[in-house]
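Work through these exercises with the structure open beside you. Try each task before you read its solution.

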Amino acid sequence: MKLRTLLLALACVCVALVQAASPLSLIPLPASVQQGSGQFTFPAKVQLCVPSYTGDSVKAVVKRWAGNFTKSTGIKVSVGKKANAAIQLRLNSGLAPEAYDLQVTRERIVIEAARPAGFFYALQTLNQLLPSRAVMAGVKATDVQAWTLPVVTIKDHPRFEWRGFMLDEGRHFYGKEEIKKLLDVMAAYKLNRFHWHLTEDQGWRIEIKKYPLLTEVGAWRNSKVLGWGEVKPDGQRYGGYYTQKDAREIVRYAQERFIEIVPEVDIPGHSQAAVAAYPEFLSCDPQNQHEVWLWQGVSPDVINVSHPQAVQFAKDVIDELTAIFPFRYIHLGGDECPTNKWEANEACRQQLASIGSKNFRDLQINFYRQLQDHIAQKPASEQRQLIFWNEVLHGNTRPLGTDITIMAWVGADGAAKDAAQRGMKTILSPQIPYYINRRQSNLPTEPRSQGHGTETVEAVYNYVPMAGIPADLQQQYMGVQANFWTEWVEEASVVQYLMFPRLAAVAEAGWTPQQLRKYPDFLERLQAEAKYYELRGVDYGKHVFR
């Protein structure tokens, strides 16, 4: 009898040790995780205590979570201020704005944070700890007998303030429901910047009321497929755009998920759609025919930066974007802007001489300076900081000062360091491997896209942001961002297939301390995400799932 009791006790200890050692499928990995033994089991009805907070924004976060939790689990949640509630949220002013502490015992769940964002991120982690991804996906669970959480103590905060994803809709248009679905997944992975690339040579996707032809003409082209090599335009009438009402709806949706939207209007290059809409003052050669471009690559048809109406056009667009997007940043592109048209235009040559330069790239910088001055004259609540791709570093950026942010993509590590040394803020968005529109394997089943399949999940994960950067420059690095360019991608399902699960790898780079990041561990935790994608209704690359 004593032997049997001893063996039973040893078995219980072994089970407890296995439970404590088993990895939790958390992405991104928190800064500190201490797993204990045992579990918290949700009753049929659970009380949730919410602290008072200015504007009740914490309460709004909790109500949205509770509604989703009940929808998935059937467990009713009552929100109040009872001190003995099973789920307790407490304010802790000593924590950073996005940080949180989460403690699960056998008796209760305690979450501490200083700001609504911290509580929001704690609840995303809590969702991942549940026995089903149904709550994360916002659907009713069908395979859970008991809703439990492991006993665990998590102290967490992000590594970087900027954890972003960019989607190019200038080439192809997907619609607001697809954008909302994307924002949901971003929020689950604690990404907080959605860079919305809204204009291109191939399409203008945002309504600007002062210039209606931008969407009447610029949002449509005569081919869905973009020509490249042996691929020819198909002649199909294709396009679409977001009304300002649509955009404001998406803004509200993003705000509820603590995501800032960074609208990008790429000017003066990548602007043939705009030039086609208003060639009389945007074109360097208005006597020629202009149409929304049907091809990939870089169009030489750029905005005539010497024309006063073109400068006013850009100011007006910025004004309307400011009214739609109440966030801190506007991206003006600045990449891949050919100067051929300026070199052939007499007014542009005269302007170049007037600013005392022989470098036509400085016309672009002069154009931006005028826009920067326009923004500086606005009331403080309407002022925005400007972001540019790192090509602007090739011109004389001194007139723009250091109050601009450089998004480093080509030669990203070197460009980011250059910007930081000049006193500018910078965001790492390396073309290789963070352009997750490129093929993620070399299998023949991969969809038509760019690259050779070398931007695998592992390659994306193993990129080390800010490697070897001296301590005195690190404060200039705001964070990381993945980009998705859509030249080859006509359908939203293919966007999803290529971006997932690689977006999860970028999210972990933005949140998790570098010393904790190990690909084998990430790959193990990643396995649970296949079910999440399926429940969420998004496609994904299957290569790394068992």
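**Exercise 1. Read a strand pairing.**
Task: Find which residue of β6 stands opposite Q88, then work outward to the strands involved.

Solution.
Step 1. Start at Q88: its opposite number in β6 is V110. Keep in mind that this is a predicted model.
Step 2. Look along the pair for another match. R90 faces E112 in β6.
Step 3. Assign the strands. β4 covers residues 87-91 and β6 covers residues 109-113. They pair in the parallel sense over 5 bridges.
Step 4. Recall the general rule. Strands of a sheet pair through backbone hydrogen bonds, either parallel or antiparallel.
Step 5. Turn to another partner of β4. Strand β2, residues 45-49, pairs with β4 in the parallel sense over 2 bridges. Here L48 has I87 of β4 as its bridge partner.

**Exercise 2. Place the strands in the sheet.**
Task: State the order of the 7 strands in the open sheet, and say which strands stand at the edges.

Solution.
Step 1. Read the order across the sheet: β1-β7-β5-β6-β4-β2-β3. The pairing is mixed.
Step 2. Go to the two ends. β1 (32-41) and β3 (76-80) are the edge strands.
Step 3. Explain the edge. Each has a single partner strand, so one side of each lacks a neighbour in the sheet.
Step 4. Check the twist. Neighbouring strands are turned by 20° against each other on average, direction ignored.

**Exercise 3. Follow the chain out of β1.**
Task: Locate F42 and decide whether F42 is buried or exposed.

Solution.
Step 1. F42 sits in the loop between β1 and β2.
Step 2. Its relative accessible area is 7%. Buried means under 20%, so F42 is buried.
Step 3. Compare sequence and space. F42 and W147 are 105 residues apart in sequence. Their C-alpha atoms are 5.6 Å apart.

**Exercise 4. Check the cysteines.**
Task: How many disulfides does the structure hold, and why does C337 not bond to C284?

Solution.
Step 1. The count of disulfides is 0.
Step 2. Take C337. The closest cysteine sulfur belongs to C284, at 9.3 Å. The cut-off for a disulfide is 2.5 Å, so this pair is too far apart for a bond.
Step 3. Add the accessibility. C337 is buried at 4% relative accessible area. C49 also counts as buried, at 13%.

**Exercise 5. Describe the largest pocket.**
Task: Give the volume of the largest pocket and describe its lining.

Solution.
Step 1. The volume is about 640 Å³.
Step 2. Find the centre. Among the 28 lining residues, E98, R115, A117, F258 and E260 are the closest to it.
Step 3. Assign the elements. α2 (57-73), α3 (116-129) and α7 (244-256) each give two or more residues to the lining. The largest share is 4 residues, from α2.
Step 4. Sort by character. The lining has 15 nonpolar, 4 polar and 9 charged residues.

**Exercise 6. Describe the cavity.**
Task: How many cavities of 30 Å³ or more does the structure hold, and what lines the largest cavity?

Solution.
Step 1. There is 1 such cavity.
Step 2. The largest cavity encloses about 110 Å³ of space.
Step 3. Its lining includes L167, Y174, E178, K181, M499 and F500. α5 (176-188) and α18 (492-499) each give two or more residues.
Step 4. The lining divides into 9 nonpolar, 1 polar and 2 charged residues.

**Exercise 7. Inspect the backbone.**
Task: Find where the cis peptide bonds at P28 and P501 lie, then examine phi at K190 and E336.

Solution.
Step 1. The bond from I27 to P28 is cis, with omega near 0°. P28 lies in the loop between α1 (2-21) and β1.
Step 2. F500 and P501 are joined by a cis bond with omega of about 10°. P501 is in the loop between α18 and α19 (502-511).
Step 3. K190 is not a glycine, yet its phi is positive, about 65°. K190 lies in the loop between α5 and β9 (193-197). At 1% relative accessibility, K190 is buried.
Step 4. E336 also has a positive phi, near 45°. Its loop runs between β15 (329-331) and α11 (340-343). E336 is partly exposed, at 32% relative accessible area.

Note on methods. Residues are numbered from 1 along each chain as its sequence is written. This is a predicted model: local features need pLDDT of at least 70, side-chain atom pairs count only at pLDDT 80 or more; totals for chains, interfaces and linings use all residues. Side-chain values use heavy atoms; hydrogens and water are left out. Buried means under 20% relative accessible area, exposed over 50%, partly exposed in between (1.4 Å probe, protein chains only). Two strands pair if DSSP finds at least two bridges between them. Axes are lines fitted to C-alpha atoms, for helices over the stretch in contact, and angles run from 0 to 180 degrees between N-to-C directions. On a 1 Å grid over the protein atoms alone, a cavity is a set of points where a 1.4 Å probe fits but cannot get out, and a pocket is an open set with protein on both sides within 12 Å along at least five of seven lines; lining residues have an atom within 4 Å of a point. Grid points are joined across faces, edges and corners, and a volume is the space filled by probe spheres set on the points. Ala, Val, Leu, Ile, Met, Phe, Trp, Tyr, Cys and Pro count as nonpolar, Asp, Glu, Lys and Arg as charged, and the others, Gly among them, as polar.
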